[in-house]
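Welcome! Here is a short tour for anyone meeting this structure for the first time.

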Amino acid sequence: MTKKNHIINIKPEPTEIARNIFQEEEEIENFDAKFGKILSKEENDIRKFILRQSPVLGQIPSLEHIKKVFTRLSNEKIDAILNKLDQFDIIHLNDDKTSIAAAYPFSSSKTSHIVTMKNERYKKIYSMCAVDALGVCFMFNSDVSIDSHCHHCKDEVKIEIKDNKINYFKPKNMVVWYDREYSCCAAISQCKNINFFSSEQHFNEWQKGKPRRKGNLLQLQDAFYFGKMFFENRLKN
Ligand SMILES: [Zn+2]
């Protein structure tokens, strides 16, 4: 069988269903905090530094690194700011608060999703989930490739984004499970459950025998729209 490439041009435009789901999410998510609108200047400067620096380093900056850069603030002040960002679920600190485990969309530990920006300034970096991977292009206005796999069969998933449009993806029937079992913070509850599947059938096979979770199976275009809505404005304020 010959392998078919699917050359396409998908814009982040939602179906009506996806638009409605996203509206419900907006009520839960504190976007004003996540986009920096209700933070102090210092809080927002640190928030943006972490997000901008992560792909430059290929990892989320360490607390030591942040303290070396923000010498105008005391260590205690920086710790307090990081705790506040953690409370807003802008970042997720590890249990003993000595490092940043997540700075959405980025993850400090290995996940299934590798994001590569087509810009020599940036290194490869792991994203927290499938939707986070799809949001990076909008946040940095950069062409991106995403390497992941089907959460059921582990088959390769590949997505290429150019000019904020998907111009290549495989497999052609891929879907994204958008998990909505939200508890304390996305890092612990939702993220590891928001994954690519090579097809709806593979999602159903994976789901069989497991407790049914709250969520929606999204077509790639709708998941791409979610990525845009979650991340496009993160670095604008
Ligand atoms: Zn599969």
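The notes below go through the domains, the sheet, the core and one tryptophan.

Please keep in mind that this is a predicted model. The protein chain is split into two parts, domain 1 (33-107) and domain 2 (110-231). Their centres, taken over C-alpha atoms, lie 24 Å apart.

**Where the two domains meet**

- The contact involves 14 residues of domain 1 and 18 residues of domain 2.
- On the side of domain 1 that touches domain 2, at least two residues come from each of α3 (41-57), β3 (100-103) and β4 (106-107).
- Which element gives the most to that side of domain 1? It is α3, with four residues.
- Sorted by character, the residues on this side of domain 1 are eight nonpolar, five polar and one charged.

**The sheet, strand by strand**

- Three strands make up an open sheet, arranged in the order β2-β3-β4 with antiparallel pairing.
- Why is one side of β2 and of β4 left without a neighbour in the sheet? Both strands stand at the edges and each has a single partner strand, so one side of each has no neighbour there.
- The helix α3 packs on this sheet and touches β2, β3 and β4, and its direction makes about 95° with that of β3.
- As general background, the strands of a sheet pair through backbone hydrogen bonds, either parallel or antiparallel.

**Following the pairs of strands**

- β2 (residues 91-93) and β3 run antiparallel and are joined by three bridges.
- Two residues of β2 can be matched with their bridge partners in β3: I91 pairs with A103, and L93 pairs with I100.
- The hairpin of β2 and β3 has six residues between the strands, and K97 in this hairpin takes a positive phi near 60°.
- β3 and β4 also run antiparallel, with two bridges joining them.
- β3 and β4 form a hairpin too, this one with two residues between the strands.
- Across that pair, A102 stands opposite S107 in β4.

**The nonpolar core**

- How many residues does the largest nonpolar core have? The count is 63 residues.
- Those with the most contacts inside this core are I91, A103, A130, V131, V136, V176 and A223.
- Helix α6 (residues 130-140) provides the largest share of the core, nine residues.
- Both domains take part, since at least three residues of this core come from each of domain 1 (33-107) and domain 2 (110-231).
- A103 is a good residue to look up here: leaving aside its neighbours within four places in sequence, A103 is in contact with I50, L51, S54, I60 and I91.
- I91 therefore turns up both as a contact of A103 and as the bridge partner of A103.

**A look at W206**

- W206 sits in helix α7 (residues 200-207).
- Why does W206 count as partly exposed? There are 16 other C-beta atoms within 10 Å of W206, whereas a buried residue would need 20 or more and an exposed residue would have 12 or fewer.
- Not counting residues up to four places away in sequence, W206 touches H151, H152 and F197.
- N233 comes 27 residues away from W206 along the chain, and the C-alpha atoms of these two residues are separated by 34 Å.

Notes:
Residues are numbered from 1 along each chain as its sequence is written. This is a predicted model: local features need pLDDT of at least 70, side-chain atom pairs count only at pLDDT 80 or more; totals for chains, interfaces and linings use all residues. Domain bounds come from an automatic or database domain assignment. Two residues are in contact if their C-beta atoms, placed from the backbone, lie within 7 Å. Ala, Val, Leu, Ile, Met, Phe, Trp, Tyr, Cys and Pro count as nonpolar, Asp, Glu, Lys and Arg as charged, and the others, Gly among them, as polar. Two strands pair if DSSP finds at least two bridges between them. A nonpolar core is a set of buried Ala, Val, Leu, Ile, Met, Phe, Trp, Tyr and Cys residues joined through C-beta atoms within 7 Å. Axes are lines fitted to C-alpha atoms, for helices over the stretch in contact, and angles run from 0 to 180 degrees between N-to-C directions.
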